[in-house]
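Here's a quick tour of a protein model, taking in its aromatic contacts, one of its helices and the empty space inside. Have the viewer open and follow along.

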Amino acid sequence: MTPERRAQRVAELAPQSRSQLEALLALLGAGDLGGLARRAVSRFGPVPLPATLAPKQRPGSIRATKSNRTKPLIWMMGPGLSLDGAPLSQFELATGLAAEGFAIETVVAQDGPLRQRYAESSVGVSVCPELACASSVPAWYENDVQRLVDLLRRQNPDLVIASTIDSFPAIDAARMAGIPSIWNIRESEPWRSRLADRHTAIAARALACFGYPSAMVFVARASQDAWAKFAPSDRSKLIYNAPHPSLLSTATNRGALRARAGAGPDEKLIVSIGTLCERKGQIDLAEAVGLLPADIVSRVKLVFVGRPESAYRARTEAALPAAVRARTQFTGAVPEAMAYVQAADVLVNSSRSEAFPRTLLEAAAARTPIIATAIDGAAERLTDRKSALLYAPGDTAALAAAIVSVLSKPGLAETLQQGAWDTLVSRHSYQAMIGAYSGLVRAALAG
C-alpha cells in the first residue's frame, strides 16, 4: 500500500469520520449496555467518570530493534498545529531541544497554521492520522492504537514525548511498542470530568498511561495534584513554563499596534486571548463591562482573540452592554496574538480551569497589567495586587472593580507590570526550562 493510500485509509477509519449512529450500533453489537446508557445520559450534560474507575494496565513490551542512529530521534506527539497555548508551547520546547543537539520531529493528528513556524525552524513536522484514536467504542480504540503501534515500530523513534492529556494514545502505543516516553501534561481539571467524554474502558486505558512514561512533566503544581492519584511520585516532575526569547526581544511600536487593534489614543484597550468557550469564561468580561462607571465605559475598547467554539461567541456578544458592542472586536484565531497583548492597557484571563495560561507569560513579557481568575497555576505563581489582580471565576463585580483599579490608578498598573515581570520572567528563564527537559530526555534515552 502506498503512503498516500495508507493515509487515506487511516483517515477513513479515524474517529472523526465515524458517525454517532455507527458508534451506537457498535456498542449495541458488543452488548455494551453501560456504554450505551452513558452516551444517552451525556446528551444532557457531562457525566463524571465513576470514582472507583481503576487503570487498565497493559503488560510491558520489549522493543523489537533499537535504532543505531548516531543522534537519537525524538518524536514530539500532540493533537495539532493550531495557534493555541499547548501547540505553541510544544513548538518552543521542540525548537529548544533541537538546539540542545537532539534530532526532533513533531508528529501531530491535525494540520494547522503553526506549520508555517515549523517550516521556518530546524524542526520537521508531519501530520499523522494514526494519532486520532476513537474515544467512544473500546474495540475501535484498540484497533486505532494498534495502528499507531505499527507506525512506531516501522519508524522506530528512540523516544516519544507526548503533549497534553489527550495524547494518551501515544503513550499507550509507545508502551506496546517498547519505546520509552515522557508525558507533558498541561491540564488541571479533576480527572473524572476531564476524561468524561471517553468510554469508561478507554478512560481506564488513559489512567493506566500514567504508569508507563519515564517522566510526567506538569506545568503547575495544581495540575500535578489533580493527577497525583495515578502519577507515581518519583516520576512526577514540575517544570514551570518560561517565556520564549522571542517574546522578550520583539521591538514594538505600541501606537502602531493599538492602531491595528482599532484602539484610539484616548481609548482603554482591554484584551482577552483564548478559545471562546465555557472553560475560558470570557462571558465574565462581557458582563463585567456592563458594571463599569459610565466615564470608563465610554472609553473602553474590547478585543477577544481566539477561535470560537459552538455558540459561545454569540452568548458573549449578547452579554455585552449595547454601548460597548460597537467597540468590541472578535478577531478569531490570529497568527500573532502577542501583538494584541503588547497593545493592551490590561489583559484579562477569565479561565475557569487551566494549568497555566500561556497568555500570562506574554503579558508579563510585554509589561501589560494582568487581571486573572485565582485558579490553578495563576493563583500559584501570581500574587494579588503585586503581580496581578485576581478574582474568583464568575465574580463579575470583582472583575469590574479590578478593571476600574487598573485603568484609573497608574501606580497600581506599574506595580503589576513589574511584579509580573519579576515573577514570571526574571525567576524562570527559557534556557533553564529547556535544561530541565533536556535532563529528563537524556535520562529516558539512557534507559
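## Aromatic pairs

Counting ring pairs gives 7 aromatic pairs in this predicted model. One of them joins W183 and F210, whose rings sit 4.7 Å apart centre to centre, with 45° between the planes, so it goes down as tilted by the rule that planes under 30 degrees apart are stacked and those over 60 edge-to-face. The pair ties together distant parts of the chain: W183 belongs to strand β5 (residues 181-185), while F210 is in the loop between α9 and β6 (215-218), 27 residues apart.

Are W183 and F210 buried or exposed? Both are buried. They also belong to a wider group, with W183, W191, F210, W227 and F230 making up one aromatic cluster.

## Helix α3 and its two sides

Next up is α3, which covers residues 33-42 and has G35, L36, R38 and R39 buried. Look down the axis of α3 and those buried residues fall within an arc of 165°, so they line one face of the helix. Note that two arginines, R38 and R39, are among the buried residues.

What do the buried residues of α3 pack against? Their partners are α2 (20-29) and α9 (200-208). On the face turned away from the buried side of α3, you'll find the exposed residues L33 and G34.

## Closed cavities

Now for the empty space. The model has 3 cavities of 30 Å³ or more, and the largest cavity holds about 70 Å³. Its lining is made up of S89, E92, L93, R186, N241, A242, R358, L361, M433 and Y437. Elements giving two or more residues to that lining are α4 (85-99), α18 (358-366) and α22 (430-445).

Of the contributors, α4 gives the most, with 3 residues. Sorted by class, the lining of the largest cavity has 5 nonpolar, 2 polar and 3 charged residues.

## The second largest pocket

Open space counts too: the second largest pocket comes to about 390 Å³. It is lined by 20 residues, and R63, G178, I179, P180 and A444 are the closest to its centre. Here the elements with two or more lining residues are α7 (168-177) and α22.

Which element has the largest share of this pocket's lining? That's α7, with 3 residues. By class, the lining of the second largest pocket splits into 10 nonpolar, 6 polar and 4 charged residues.

Conventions:
Residues numbered from 1 in each chain as written. Predicted model: local features only at pLDDT ≥ 70, side-chain atom pairs only at ≥ 80, totals over all residues. Heavy atoms only, no water. 1 Å grid on protein atoms, 1.4 Å probe; cavity = no way out; pocket = protein on both sides within 12 Å on 5 of 7 lines; lining within 4 Å. Points joined across faces, edges and corners; volume = space filled by probe spheres on them. Helix = DSSP H or I, 4+ residues; strand = E, 2+ residues; numbered from the N terminus. Nonpolar A, V, L, I, M, F, W, Y, C, P; charged D, E, K, R; others polar. Buried < 20%, exposed > 50% of the residue type's maximum accessible area, 1.4 Å probe, protein only. Arc of directions from axis to C-beta. Contact = heavy atoms within 4.5 Å. Phe/Tyr/Trp six-rings, centres within 6.5 Å; stacked < 30°, edge-to-face > 60°.
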